Amino acid sequence: MKRSLIDILDFSPDELQELIDTANDIIARPEAYSRLCCGKKLATLFFEPSTRTRLSFEAAMYELGGNVIGFSEAQSSSASKGESVADTAKVISCYADIIAMRHPKEGAPLVAAMNASIPVINAGDGGHNHPTQTLADLLTIYREKGGFENLTVGFCGDLKFGRTVHSLISALSRYPGLKLYLISPEELKLPSYVKKEVLAAKNISYVQTTDLEGVMPELDILYMTRVQRERFFNEEDYLRLKDSYILTPDKLQNARQDLCIMHPLPRVNEISVAIDDDPRACYFKQVLYGKYMRMALILKLLKEAGTL
Ligand code: CP
């Protein structure tokens, strides 16, 4: 049966563990996976800029022995002539076996999934969700912390528009003992729909604060985020808020020795490059793990669709 990944909650915790196990096996035995997707095609439909997500999907498919078609900007597709997302999905279903789509409009990958005859993966939709970044984040946490229970996680920066934050909070909310610190300026607080539908619904303990250093000693994981310039209506607001939080070595003085510092990247100013050599910096591992989780995801969706 055709299945898509639009929201991280489309997969049960057991299925996420299955993806983690597959990714770990790919890391251990890459050769065993190198021809599994021979003759299969991934279409990367990116209506918004990307470095990591698009290229890691492409690397993932090539490392599985498959091929890739696609576009990297809306202007080079027939969307620029007015073609709908629904029609685009039907058309690409004639050419490819699986789609990864990024779109500035929330819900566009869901519309694609409803109209495609092949699996669709949400590679980021507006300020809404980014489930495959969450897959990268989960593998990072699993490898660094050994599991997902009883974690204290600080999310810092743009919690309003940061789609990676929304998806990761949803994913972690299903594990017991989660405690959250939501660190942001007033204007960039976590949207109330996430607080209501995820945090309140699951009775998750959380504290909203503007004080990063004050909560630092509590954290197992610090998830820094970029202020999402492309989502602002007003450049002045962006300029005022963009440097609200800059993680520098002095701010880690009270942090735990086993703190895991994460960032979905791209980074602008949020983490000083002086932290890159700190053993607690995990953000470049996240990038690499994203490729392995996308390999595991492509395999799972193609198998369930009966394509493999
Ligand atoms: N983390 C992430 O989604 O990066 P890109 O925008 O470069 O894909």
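Let's start where the two halves of this chain touch: 30 residues of domain 1 are in contact with 26 residues of domain 2. Keep in mind that you're looking at a predicted model.

So which stretches make up the domains? The domain assignment gives residues 8-129 plus 290-304 to domain 1, while domain 2 covers 131-286. Measured-sounding as it may seem, the gap between their centres is simply computed over C-alpha atoms, and it comes to 25 Å.

Now for the ligand. Where does the ligand lie relative to domain 1 and domain 2? Both domains give residues to the shell around the ligand, so it lies between them. The ligand also sits in the largest pocket.

Who are the neighbours? Around the ligand you'll find Ser50, Thr51, Arg52 and Thr53, along with Arg102, His130, Gln133, Pro264 and Leu265. Sorted by character, this shell has 5 polar residues, 2 charged ones and 2 nonpolar ones.

Three of these neighbours have an atom paired with an oxygen atom of the ligand, as the table shows.

| Residue | Atom on the residue | Distance to a ligand oxygen atom |
|---|---|---|
| Thr51 | backbone N or O atom | 2.8 Å |
| Arg52 | polar side-chain atom | 2.9 Å |
| Thr53 | polar side-chain atom | 2.6 Å |

How much of the ligand's accessible area does the protein cover? On its own, the ligand has 260 Å² of accessible area, and the protein covers 91% of that.

To follow this in the structure, find Thr51, Arg52 and Thr53 beside the ligand, then look at how domain 1 and domain 2 each add residues to the shell.

Note on methods
Residues numbered from 1 in each chain as written. Predicted model: local features only at pLDDT ≥ 70, side-chain atom pairs only at ≥ 80, totals over all residues. Heavy atoms only, no water. Near = heavy atom within 4 Å. Polar contact = N/O pair within 3.5 Å; in protein donor to acceptor, adjacent residues only side chain to side chain. Areas by Shrake-Rupley, 256 points an atom, 1.4 Å probe, with all protein chains shown as cover. 1 Å grid on protein atoms, 1.4 Å probe; cavity = no way out; pocket = protein on both sides within 12 Å on 5 of 7 lines; lining within 4 Å. Sits in = over half its atoms within 2 Å of the grid points. Nonpolar A, V, L, I, M, F, W, Y, C, P; charged D, E, K, R; others polar. Domains from an automatic or database assignment. Contact = heavy atoms within 4.5 Å.
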